[in-house]
Amino acid sequence: MFKIASSPHTHSSNLTARFMLWVIAAMIPAIAVLLFYFGIGVLIQIALALGFAYALELAVTYLRRKPILFYVADFSVILTALILAVAIPPYAPYWIILIGTFCAVILGKHVYGGLGQNPFNPAMVGYVVLLISFPLQMTSWVPPISLLNEPPTLNDAVSLIFKGVSSDGYSLLQLVGTIDGISQATPLDSLKSGLHNQQSWSAISLSPIFSSTPFGMLGNGWWQLNLAFLAGGLFLLWKKIIHWQTPVALLLTLALLVAVHWLLSPQALPNPLWQLFSGATMFCAFFIATDPVTASITPKGKIVFGALIGFLMYIIRYYGNYPDAVAFSILLANICVPLIDHYTRPRVYGYHVKK
């Protein structure tokens with residue numbers, strides 16, 4: 001007697017694990033850049049996220065009476081936790097990453113039945129919950145440690161994350177406040193705040209958080225981080241772990257829309273390359289939007305999916321309340337995936353469609 005089950009009928013945790021491990025390996029250069037520019041807090045957040053995510057995965061698979069080793073060995077929960085840990089500020093309170101990891105693993109993944117059945121990117125579910133619920137903590141990025149008078153040591157990082165103050169008794173706001181001219185922690189924050197206050201781009205770019213680069217005035221540390229994600233993404237394309245359609249469509253759409261906006265007011269806004277190498281643009285294009293479970297699966301659908309994310313990023317960055325727009329763009333595009341796949345299905349040759 002055969003056991004009838006819905007597709008897919010072929011299951012291999014080894015193939016999934018290999019995919020996840022390659023993606024994790026491709027993120028190592030970007031993590032190294034984060035560590036260099038923003039300090040040891042990056043590793044502490046990653047350790048907290050990985051440990052708690054693994055514990056949640058073990059507990060949930062046990063409660064669901066699933067084969068624990070089979071489901072844990074695919075490393076999918078490790079990648080989810082890693083993406084979330086990289087996305088949050090390095091010195092955010094410890095409970096931020098714990099709440100985000102819980103929402104990502106439980107609400108973003110297991111509520112729908114586990115890996116392969118979740119319609120939304122789990123890491124972005126956790127991130128959006130945090131961003132909406134705790135906006136102050138989620139926007140408390142420190143500038144690159146080279147701009148700080150006293151860069152946080154390991155003891156400072158542990159104390160900031162678990163106690164809210166450094167070992168000398170300074171809060172994160174006080175550490176950042178020692179730098180003249182920095183009103184926000186990230187280039188996109190500074191741009192959004194400056195434009196809201198009717199400042200020109202030439203005035204906004206005077207902040208110490210910006211540095212002269214081939215792309216124009218771009219935040220020190222941020223363009224290097226995006227280059228690292230770009231290098232990791234190209235590696236994944238070379239290994240054929242991801243497909244080119246989604247990242248190319250996303251970046252081209254965002255660049256074209258920003259270029260049109262920039263040509264209309266070149267003195268008031270940064271150039272298109274600035275937008276491509278700031279925030280989490282490259283991270284989104286190569287590591288988040290290419291999630292094989294929640295992204296479109298048809299060749300044409302991948303192009304539509306990527307273009308939709310790029311369009312939403314442009315709209316939210318320029319007209320929304322949030323400086324970066326990755327998480328909201330991904331989740332809104334995830335909603336459209338069934339419709340996109342329905343209308344972009346490849347033609348089945350030899351099958352006659354009655355009109």
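The expected span of a helix is 1.5 Å times one less than its number of residues. Keep that in mind for helix H2, residues 41–63: its 23 residues should span 33 Å, and the end C-alpha atoms are 33 Å apart, so the two agree. This is a predicted model. Below are a few spots to look at, starting with H2 and moving on to a surface patch and some loop residues.

**Helix H2**
- A good number of H2 residues are buried, including Val42, Ile44, Ile46, Ala49, Ala53, Leu56 and Val60.
- Polar or charged names turn up on the buried list too: Gln45, Glu57 and Thr61 are among them.
- An α-helix has 3.6 residues a turn, so residues three or four places apart point the same way.
- After H2 comes Arg65, and its phi is positive, near 60°.

**Helix H8 and the nonpolar patch**
- H8 covers residues 154–163, and its buried residues are Asp156, Ala157, Ser159, Leu160 and Ile161.
- Other H8 positions show up at the surface: Leu154, Val158 and Phe162 join Tyr94, Trp95 and Ile99 in a nonpolar patch.
- Together, these patch residues have about 490 Å² of accessible area.
- Both H5 and H8 chip in, each with at least two residues of the patch.
- Ile99 is one of the patch residues and sits in helix H5.
- Ile99 counts as partly exposed because its relative accessibility is 30%, and the partly exposed class lies between under 20% (buried) and over 50% (exposed).
- Just past the end of H8, Gly164 has a positive phi of about 90°.

**Thr186 and Pro323**
- An unreviewed UniProt entry lists Thr186 as "modified residue: FMN phosphoryl threonine".
- Thr186 is found in the loop that links helix H9 (172–177) to helix H10 (187–196).
- With a relative accessibility of 10%, Thr186 counts as buried.
- Pro323 is in another loop, the one between helix H16 (299–319) and helix H17 (326–343).
- Pro323 is also in the buried class, at 17% relative accessibility.
- In sequence, Pro323 and Thr186 are 137 residues apart, yet their C-alpha atoms are 9.1 Å apart in space.

**Asn121**
- Look for Asn121 in the loop between helix H5 (94–107) and helix H6 (122–133).
- Asn121 is buried because its relative accessible area is 4%, and the cut-off for buried is under 20%.
- Leaving out residues up to four places away in sequence, Asn121 touches Ile288, Asp291, Thr294, Ile330, Leu331 and Asn334.

Terms used: Residues are numbered from 1 along each chain as its sequence is written. This is a predicted model: local features need pLDDT of at least 70, side-chain atom pairs count only at pLDDT 80 or more; totals for chains, interfaces and linings use all residues. Side-chain values use heavy atoms; hydrogens and water are left out. Helices (H or I, at least four residues) and strands (E, at least two) are DSSP runs, numbered from the N terminus. Buried means under 20% relative accessible area, exposed over 50%, partly exposed in between (1.4 Å probe, protein chains only). Contact means heavy atoms within 4.5 Å. UniProt positions are given in the numbering used here, feature names are shortened, and annotations may be inferred rather than shown by experiment. Patches are made of residues with over 30% relative accessible area and no salt bridge: like charges are joined within 9 Å, nonpolar side chains (Val, Leu, Ile, Met, Phe, Trp, Tyr) within 5 Å. Accessible areas come from the Shrake-Rupley method with a 1.4 Å probe; for residues, only the protein chains shown count as cover. A salt bridge is a side-chain nitrogen of Lys or Arg within 4 Å of a carboxyl oxygen of Asp or Glu.
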